[in-house]
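This report covers the fold, one residue environment after another, a helix contact and the internal cavity of a single protein chain.

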Amino acid sequence: MLGVVAGLLLAATVVLLQEGRASLACGLVLAVFVLTDRDVLKQVDWLLLATFAAMFLGLGHLAQWPPVQALVQTLDWKQAWVMFLGGTLLSQFISNVPTAVLLSHYTTDYTALAVAVNVGGFGLGIGSLANLIALRLEGSRGALGAFHRISVPFLLVCAPLVWLAQRVLA
């Protein structure tokens, strides 16, 4: 039964978020679980959620900082290689979701942007929030180094291959 409730709750949350009603969506989620299964709320990694919130707020402000804006505006984002390289590299420093939000103001080719930030999720741990979640769950000493020994070469191999595939298949 809880699975059905969670599925309906997810659908309602997506609709509310699309309608710009994030506070209502958050309140609905909390209310449903307070009423149906308080133990679920005890299992939430609140520190991880707070980290993401702080990261998005901080990175959002960083993206609005005039030197960052000036740098971003100097590039011709309509050129496919600029979008691919820029989106991939910028994701390595501010993560792929904030990169997508920032660069969405400079392109109409959202497929190219999606490919760039998807590849940008490879490489450094911050490249994707999924990386950070998995590394937090892993939690052992040396996990970040072990991750980077695989993920950075993976980025270096995959990025050129994805670029070529994108050119051939487009």
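Is Trp 81 buried, partly exposed or exposed? Trp 81 is partly exposed, because its relative accessible area is 48%, where buried means under 20%, exposed over 50% and partly exposed in between, with a 1.4 Å probe and protein chains only.

The model is predicted, so local features need pLDDT of at least 70 and side-chain atom pairs count only at pLDDT 80 or more, while totals for chains, interfaces and linings use all residues. Residues are numbered from 1 along each chain as its sequence is written, and side-chain values use heavy atoms, with hydrogens and water left out.

**Chain**

The protein chain has ten helices and zero strands. Helices (H or I, at least four residues) and strands (E, at least two) are DSSP runs, numbered from the N terminus. Along the principal axes, the C-alpha atoms of the protein chain fill a box of roughly 50 × 40 × 35 Å. Of its 170 residues, 31% count as buried. A contact means heavy atoms within 4.5 Å. Among contacts in the protein chain between residues at least 6 apart in sequence, 61% join residues at least 24 apart.

**Three residues**

The table gives the accessibility of three residues.

| Residue | Helix | Relative accessible area |
|---|---|---|
| Trp 81 | α6 | 48%, partly exposed |
| Ser 91 | α6 | 0%, buried |
| Asn 131 | α9 (residues 129-138) | 14%, buried |

Not counting residues up to four places away in sequence, Trp 81 touches Gly 86 and Trp 163. The side chains of Trp 81 and Gln 79 are joined by a polar contact of 2.7 Å. A polar contact is a pair of N or O atoms within 3.5 Å; within protein, one must be able to donate a hydrogen and the other to accept it, and residues adjacent in sequence count only if both atoms are side-chain atoms. Trp 81 and Ala 146 are 65 residues apart along the chain, and their C-alpha atoms are separated by 30 Å.

With the same exclusion of residues up to four places away in sequence, Ser 91 touches Asn 96, Thr 99, Val 117, Gly 120, Ile 126 and Gly 127.

For Asn 131, the side chain reaches the backbone oxygen of Gly 125 at 3.4 Å. Leaving aside neighbours within four places in sequence, Asn 131 is in contact with Gly 121, Leu 124, Gly 125 and Phe 147.

**Helices α4 and α5**

Helix α4 (residues 46-64) and helix α5 (residues 66-73) have axes that come within 5 Å and cross at roughly 65 degrees. Axes are lines fitted to C-alpha atoms, for helices over the stretch in contact, and angles run from 0 to 180 degrees between N-to-C directions. Leu 62, Ala 63 and Gln 64 of α4 make the contact with Pro 66, Val 68 and Gln 69 of α5. These residues divide into four nonpolar, two polar and no charged.

**Cavity**

A search of the whole structure finds one cavity of 30 Å³ or more. On a 1 Å grid over the protein atoms alone, a cavity is a set of points where a 1.4 Å probe fits but cannot get out, and lining residues have an atom within 4 Å of a point. The largest cavity has a volume of about 30 Å³, a volume being the space filled by probe spheres set on the points. Its lining consists of Ala 80, Met 83, Phe 84, Ala 112, Trp 163, Gln 166 and Arg 167. The elements giving two or more residues to this lining are α6 (80-94) and α10 (143-169). By class, the lining has five nonpolar, one polar and one charged residues.

Definitions and conventions. 1 Å grid on protein atoms, 1.4 Å probe; cavity = no way out; pocket = protein on both sides within 12 Å on 5 of 7 lines; lining within 4 Å. Nonpolar A, V, L, I, M, F, W, Y, C, P; charged D, E, K, R; others polar.
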